[in-house]
Amino acid sequence: MAAYMRTSDPFFGVGTPERRTLLKVLVAAHAPLAQSEYQAQVLALWGIPQREGKYMAVDWATRFKPYLCPQALPLFERLIREGAWWDTVDAVATHLIGGLLLNQRDLMRPVLDQWIEDDCLWIRRTALLAHLKHKVETDEDQLFTHCLKLSAEKEFFIRKAIGWALREYSKTRPEAVRRFLIQHRELFSGLTYREAMKAMARKGAV
C-alpha cells in the first residue's frame, strides 16, 4: 500500500471494504451530537499514525452532513495541508469543500478565489476539484477563470486537475467546454487538453 501511494507513512493494511464496515459500526456507536464533538472525532482519527486513520477521518467528516458548515472550513483546510497527497486531498476537495461550495456559494466563492493563488499546490488543486460534482449548478465563470489562472503551471497534479474539472463539466455542458478549450488551446498543456476532451471524444462531440 505504501509503495502504491508513494508515501513513507505506515499502513495497517486494511482495505476499503473493511474500513467501510468499521465506519458503520463506529457511526452507530459514536455519532457526534455537536459541531465540537464532530471536529474532535475527525482529528482523533486523523492523528492515527497509519494512513488508514486519515482515510477514516475524511470518511467520518463526509458522513455527517449537518456538520458540513462554515465552522468546519478551518478543519477541512488543515486536512488538505497536512494530508498533502491526492489520496486524501481529492476526497476532501470533492466531498467536503465541494459540498460547502454548493451550499454556501456566497461564502466559498471568495475563499476559492484566494485558494487558487495559494502557495500550496494541494490547496490550488482543491480550488479546482471543488467544482467537480456540481453539474448544472457549476459556477461556470469561476471554474473557467480558475482553469485559466493555473494554465501555465508545470505541476502534474495541477495540469491533471484542470483537465479533470473540465472533463466532468463537459458531461453537463459539452459545447461550453469545447468552445473554452478551443479558444484557449495554446494555454493548456497536452495533458490538460487530453484529459478535458475525454468524455466528449467518447461521445463523438469533437
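Student: How many cavities of 30 Å³ or more does the structure hold?

Tutor: The structure, which is a predicted model, holds one cavity of that size. The largest cavity has about 40 Å³ of space in it.

Student: How do you even spot an empty space like that?

Tutor: Rolling a probe the size of a water molecule over the atoms shows where empty space is left.

Student: OK, so which residues line the largest cavity?

Tutor: H131, L132, K135, T138, L143, A165, E168, Y169 and T172 line the largest cavity. Helix α10, residues 156–170, gives the largest share of that lining, three residues.

Student: What's the mix of nonpolar, polar and charged in the lining of the largest cavity?

Tutor: Four nonpolar, three polar and two charged.

Student: Let's stay with K135 for a sec. Where is K135?

Tutor: K135 sits in the loop between α8 and α9, where α9 covers 140–149. K135 counts as exposed, because its relative accessibility is 58% and the cut-off for exposed is over 50%.

Student: And what about the phi of K135?

Tutor: The phi of K135 is positive, near 50°, and K135 is not a glycine. For background, most residues other than glycine have a negative phi.

Student: Which loop has A84, and what's the phi of A84?

Tutor: A84 is in the loop between α5 (73–83) and α6. The phi of A84 is positive too, about 50°, although A84 is not a glycine.

Student: Is A84 buried, exposed or partly exposed?

Tutor: A84 counts as partly exposed, at 30% relative accessibility.

Student: Switching to pockets. How much space lies in the largest pocket?

Tutor: About 190 Å³. The lining of the largest pocket is T16, R19, R20, L23, K54, Y55, M56, V58, D59, D87, T88 and A91.

Student: Which helices supply at least two residues each to that lining?

Tutor: α2 (16–30), α4 and α6 each do. The largest share, five residues, comes from α4.

Student: How does the lining of the largest pocket divide by type?

Tutor: The lining of the largest pocket has five nonpolar, two polar and five charged residues.

Student: Tell me about α4, then. How many residues does α4 have, and how far does α4 reach?

Tutor: Helix α4 runs over residues 51–63, which is 13 residues. From first C-alpha to last, α4 reaches 19 Å, close to the 18 Å expected at 1.5 Å a residue.

Student: Is α4 mostly covered or mostly open?

Tutor: Mostly covered, with eleven of its 13 residues buried. Among the buried ones are R51, K54, Y55, M56 and V58.

Student: T88 was in the pocket lining. Where does T88 sit?

Tutor: T88 sits in helix α6, residues 86–103. T88 is buried, because its relative accessible area is 1% and the cut-off for buried is under 20%.

Student: What does T88 touch?

Tutor: Not counting neighbours within four places in sequence, T88 is in contact with W46, R51, K54, Y55 and G83. Of these, R51, K54 and Y55 are among the buried residues of α4.

Student: New topic: the nonpolar core. Which residues touch the most other members of the largest one?

Tutor: Y38, F76, I97, W115 and L166, out of 59 residues in the largest nonpolar core. In general, nonpolar side chains tend to be buried together in soluble globular proteins.

Student: Pick F76. What does F76 touch?

Tutor: Leaving out residues up to four places away in sequence, F76 touches Y38, A61, L68, V92, L96, I97 and L100.

Student: What about I158, buried or exposed?

Tutor: I158 is buried, with a relative accessible area of 0%. I158 is found in helix α10. Beyond residues up to four places away in sequence, I158 touches L121, R124, R125, L128, L150 and E153.

Student: Last one. Where is C120, and how far in space is C120 from I80?

Tutor: C120 lies in the loop between α7 (105–115) and α8 (121–129). C120 and I80 are 9.4 Å apart, C-alpha to C-alpha, with their positions 40 residues apart in sequence. C120 is also buried, at 17% relative accessible area.

Notes:
Residues are numbered from 1 along each chain as its sequence is written. This is a predicted model: local features need pLDDT of at least 70, side-chain atom pairs count only at pLDDT 80 or more; totals for chains, interfaces and linings use all residues. Side-chain values use heavy atoms; hydrogens and water are left out. Helices (H or I, at least four residues) and strands (E, at least two) are DSSP runs, numbered from the N terminus. Buried means under 20% relative accessible area, exposed over 50%, partly exposed in between (1.4 Å probe, protein chains only). Contact means heavy atoms within 4.5 Å. On a 1 Å grid over the protein atoms alone, a cavity is a set of points where a 1.4 Å probe fits but cannot get out, and a pocket is an open set with protein on both sides within 12 Å along at least five of seven lines; lining residues have an atom within 4 Å of a point. Grid points are joined across faces, edges and corners, and a volume is the space filled by probe spheres set on the points. Ala, Val, Leu, Ile, Met, Phe, Trp, Tyr, Cys and Pro count as nonpolar, Asp, Glu, Lys and Arg as charged, and the others, Gly among them, as polar. The expected span of a helix is 1.5 Å times one less than its number of residues. A nonpolar core is a set of buried Ala, Val, Leu, Ile, Met, Phe, Trp, Tyr and Cys residues joined through side-chain atoms within 4.5 Å.
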